[in-house]
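Student: I have a structure to look at and would like to work through it with you. Could we take it one question at a time?

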Amino acid sequence: MGVFGSLGIASTAQAVTLYATSFEQPTFQPGDQLLGLDGWTTAVPPFLNPAAAIITNAAAKSGTQSVEVHGADLLSSEGITAPYDVVGSYRRPLLDQNGEPNGHTMADGKKLARVDANLMLETNQKKTKGEFFSLTISPRSGNGESYGEIGLSSDGTVEAFGFNAAPATDRVFARPIRFNKWYHITMLIDFANRTTSYFIDDQFIGAVPAPSSSGLLLRCAMLVFARPDGDVSGGPNSKRANYTARFDNFRVSVHSSAPEID
């Protein structure tokens, strides 16, 4: 698998955008729930907190709007998502060649998929001992597998996980971050070589094998996780209400070759 120092933007001749949004008006209005807008599916069970993702004009990486998920708005799954007490799952199916939300089949000439988003973990708390509260992005295959997952954690790190990792699996890469700061997160899924590479602010973090037999990019998701208030990972006074997950500039594209490297 290749190791890249930094990640540039592919030429428009090489890239085809499957979906892109900065969550701006008129499609997205402040105070709206995200799900049900612009193809963000409402087919999310209640225990995954579909109503908690809200359009806001209180913060944005660019433009004036973004998506926020307040920890206080996440309701307990009553053990369904253990060891997490709450999970928020916000999914955007990709369209097939007929414009239906059945996923994008990777063509012979374009075997590299890129998933980008800006993420911020907002809090006035200090770093936690472990992963108490986190937000991630993750794409799924036609087999239902995760091609990988990466995001920001309350322990003060960007954390990346392996292919089809189970919930709360140990991360494979971590780098320090600051709270209340936007970070640009990128995943590159190489369908030819079956690898997933991770970047933060265009800097390479690492790559993992992604041995899926599927050639389909079914959907991508933005996710939020929190363990029970007072959990050992956060300490006795830890509360998910002290955290807000923010997402902006979500984009999925496919490429014929690797994006240009600076």
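Student: Which strands each supply at least two residues of the lining of the largest pocket?

Tutor: Keep in mind that this is a predicted model. The largest pocket has a volume of about 520 Å³. The strands that each give at least two residues to its lining are β4, β7, β9 (157-161) and β14.

Student: And which residues are the closest to the centre of the largest pocket?

Tutor: Start from the lining, which has 27 residues. Those closest to the centre of the pocket are Arg140, Glu149, Pro167, Leu223 and Phe225.

Student: How many aromatic pairs are there in the whole structure, and how are the rings of Tyr84 and Phe225 arranged?

Tutor: A search of the whole structure gives eleven aromatic pairs. For Tyr84 and Phe225, the ring centres are 4.9 Å apart and the planes meet at 45°. Planes under 30 degrees apart would be stacked and over 60 edge-to-face, so this pair is tilted.

Student: How many residues apart in sequence are the parts that Tyr84 and Phe225 tie together?

Tutor: Look at where each ring sits: Tyr84 is in the loop between β3 (66-70) and β4 (86-93), while Phe225 is in strand β14. The pair therefore ties together parts that are separated in sequence by 141 residues.

Student: Are Tyr84 and Phe225 buried or exposed?

Tutor: The relative accessible area is 5% for Tyr84 and 12% for Phe225. Buried means under 20%, so Tyr84 is buried, and Phe225 is also buried.

Student: What kind of pair do the rings of Tyr147 and Phe191 make?

Tutor: Their centres are 5.2 Å apart, with the planes at 70°. An angle over 60 degrees is the cut-off to use here, so Tyr147 and Phe191 are edge-to-face.

Student: Where do Tyr147 and Phe191 lie, and how many residues apart in sequence are the parts they tie together?

Tutor: Tyr147 is in the loop between β7 (133-141) and β8 (149-153), and Phe191 is in the loop between β11 (183-190) and β12 (195-200). Both residues are buried. Because they sit in those two loops, the parts tied together are 44 residues apart in sequence.

Student: Let's turn to Ser212. Where does Ser212 lie, and is Ser212 buried or exposed?

Tutor: Ser212 is in the loop between β13 (203-209) and β14 (216-226). Its relative accessible area is 4%. The cut-off for burial is under 20%, so Ser212 is buried.

Student: Which backbone nitrogen lies 3.0 Å from a polar atom of the side chain of Ser212?

Tutor: First, the surroundings: leaving aside neighbours within four places in sequence, Ser212 is in contact with residues including Tyr147, Phe163 and Arg194. As for the backbone nitrogen 3.0 Å from a polar atom of the Ser212 side chain, its residue is Ser214.

Student: Which backbone oxygen does the side chain of Thr123 reach?

Tutor: Thr123 belongs to strand β6 (residues 112-123). With a relative accessible area of 9%, Thr123 is buried. At 2.9 Å, its side chain reaches the backbone oxygen of Asn242.

Student: Over which ring does the charged end of Arg92 sit?

Tutor: Ring pairs link Tyr19, Phe23, Phe28, Trp40 and Phe250 into a cluster. The charged end of Arg92 is 3.9 Å from the centre of one ring, and that ring belongs to Tyr19.

Student: What is phi of Phe23 near, and what is phi of Asp38 near?

Tutor: Most residues other than glycine have a negative phi, and most peptide bonds are trans. Phe23 and Asp38 are in the loop between β1 and β2. Phe23 is buried, at 0% relative accessible area, whereas Asp38 is partly exposed, at 34%. Both have a positive phi: for Phe23 near 60°, and for Asp38 near 50°.

Student: Which residues does a cis peptide bond join, with omega about 10°?

Tutor: One cis bond runs from Gln25 to Pro26, with omega near 10°, and Pro26 is in the loop between β1 (15-21) and β2 (53-56). Another involves Pro83, in the loop between β3 and β4. With omega about 10°, that cis bond joins Ala82 and Pro83.

Conventions:
Residues are numbered from 1 along each chain as its sequence is written. This is a predicted model: local features need pLDDT of at least 70, side-chain atom pairs count only at pLDDT 80 or more; totals for chains, interfaces and linings use all residues. Side-chain values use heavy atoms; hydrogens and water are left out. Helices (H or I, at least four residues) and strands (E, at least two) are DSSP runs, numbered from the N terminus. Buried means under 20% relative accessible area, exposed over 50%, partly exposed in between (1.4 Å probe, protein chains only). A polar contact is a pair of N or O atoms within 3.5 Å; within protein, one must be able to donate a hydrogen and the other to accept it, and residues adjacent in sequence count only if both atoms are side-chain atoms. Contact means heavy atoms within 4.5 Å. Rings of Phe, Tyr and Trp (its six-membered ring) pair if their centres lie within 6.5 Å; planes under 30 degrees apart count as stacked, over 60 as edge-to-face and the rest as tilted. A charge sits over a ring if NZ of Lys or CZ of Arg is within 6 Å of the ring centre and within 35 degrees of the ring normal. On a 1 Å grid over the protein atoms alone, a cavity is a set of points where a 1.4 Å probe fits but cannot get out, and a pocket is an open set with protein on both sides within 12 Å along at least five of seven lines; lining residues have an atom within 4 Å of a point. Grid points are joined across faces, edges and corners, and a volume is the space filled by probe spheres set on the points.
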